[in-house]
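Got the model open in your viewer? Let's take a short walk through a few strands and a couple of cysteines.

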Amino acid sequence: MSEPDDEKPRYHEKAVPSSRFSRVAKLGSLAGSLTGNIIKNTVGAAVKAQKPTVKNTLLHLDNAKSVTKHLSQMRGAAMKLGQMLSMDAGEILPAEWEPILAMLREKAHCMPKQQLLDMLQSNWTANWQEHFDYFDFEPIAAASIGQVHKARLKTGEELAIKVQYPGVANSIDSDLENVAGLLKLTRLIPKGIDIDSILQQAKQQLKQEADYLSELEFLSTFKALLADDPRFIVPTPYSPLSTTEILCMEFIDARPMAELAYETKNTKNTVMTHLFELLFEEMFHFKFVQSDPNFANFLFNPDTRQVVLLDFGACRTIRDSVSDDYKNVAFAMQKQDEAQILSSLLKLGLLNENNSEEMKSTVIKACLTASESVQCESYNFKQAQIISRLQAQTKSLMNKENAIAAPDFDVALVNRKVAGIVLLANKLDVDIKLKELLNEHA
Ligand SMILES: Nc1ncnc2c1ncn2[C@@H]1O[C@H](COP(=O)(O)OP(=O)(O)OP(=O)(O)O)[C@@H](O)[C@H]1O
């Protein structure tokens, strides 16, 4: 049933611990290895006549490796929380953690063939192979809550089939609680970040993402919204074989977004411009947002410069008021109107009346700095070093207990979307006519 494909990445097979007991045991062993590493590094520091500090003990790279190794084996909730943290806080966590965050974004194991066969059989029928010309058991991708296989139906259609790891849906709450407890133990998270609200939102988002029939519906909605749009390719959903744990759609042959880095400046600018156009359309026009804009969720076609959109698990319809308030912030930033920026941030819940004057003024100053992106004709996030400048400006907030307000879910998801697209543009070193793109929505 399998056709070899030399271009495909190889994944290590590793059984996903599916019972609650085995998942807790896995976290127990992580706690054990963290403690072991702390002792080892404290002793190591003492031998080298250094004072043991948080940096050379808790934040030591051995701990980073332990956390990554265990989370990537747990997959599901554990790994997703790591990904969310790296998206939300990736630019502000201590530099020592960058290797873990990078691995959490990318590293994954696939499930052993028998576990995969059990999932296919329990979701389909014993004779499921009758539907296919071939089904490649080697996954083309192993992500946080499922792995993706390529297959060809008897009718000739090529499908991408996402199969969820067993036990993911039932263990979301307990996994997230346990992992967050561990992360708190490592004191990894700056005081200013409200981990408990990230945790609540991660639970809510993951439960939605673990229901592949809801993703199938979101995929159909996006397919309809972008029908005949020459900038984008959205795979056609295939519902006859889709279930809550298996998602089937058209297979699209395109290149990973990371390879865009090697394309011409023109291609990079065009592809990234499409993504900013889509961002504004989702926020201000569709009011329906795909809120997980990580690198792996886009592919591109180098010849046509089209963007392939994938992974619709985390879509959300946002309230009209949220869409309007974001638009007000954007245009107030363009006009450098501090009073309007403040009132829109208050409405969005990104600031509240209890915040100190110092806090309000820090956030408004940061908005004014960021506003250069929508004022000049063409903007390059990387060359402007805007992220490090904003980090420096808001650094004082990171060390104050719960200083960063936890907005409601709509707002948190739009924030994640905006941040994700900006980080992508920053990474790719592109020039974007952001002012012009925004003005189309005036
Ligand atoms: N329709 C498709 N055509 C071609 N490749 C696909 C398709 N769908 C998914 N893939 C491949 O599988 C990878 C993972 O897919 P997807 O992002 O949907 O999985 P996921 O489990 O939801 O990931 P995440 O960890 O982001 O939640 C993609 O980056 C892409 O390489």
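Start by selecting Phe298 and Leu309: Leu309, in strand S10, is the bridge partner of Phe298. Before moving on, know that this is a predicted model, where local features need pLDDT of at least 70, side-chain atom pairs count only at pLDDT 80 or more, and totals for chains, interfaces and linings use all residues. Residues are numbered from 1 along each chain as its sequence is written, and side-chain values use heavy atoms, with hydrogens and water left out.

Now select residues 298-301, strand S9, which runs antiparallel to S10 and is joined to it by four bridges. (Strands are DSSP runs of E, at least two residues, numbered from the N terminus; two of them pair if DSSP finds at least two bridges between them.) Four residues lie between S9 and S10 in their hairpin, and there Arg305 takes a positive phi near 60 degrees.

Next, pick residues 232-233. This is strand S5, parallel to S10 and linked to it by two bridges. Ile233 stands opposite Val308 of S10.

Stay on S10, residues 306-309. Are its faces covered or open? Both are covered: Gln306 and Val308 on one side, Val307 and Leu309 on the other, are all buried (under 20% relative accessible area, with exposed over 50% and partly exposed in between, using a 1.4 Å probe and protein chains only).

Last stop, the cysteines. How many disulfides does the structure hold? Zero, counting a pair of cysteine sulfur atoms within 2.5 Å as a disulfide. Select Cys248: the nearest cysteine sulfur, in Cys315, is 18 Å away. Cys248 is buried, at 0% relative accessible area. For Cys376, the nearest cysteine sulfur belongs to Cys367, 16 Å away; Cys376 is partly exposed, at 29%.
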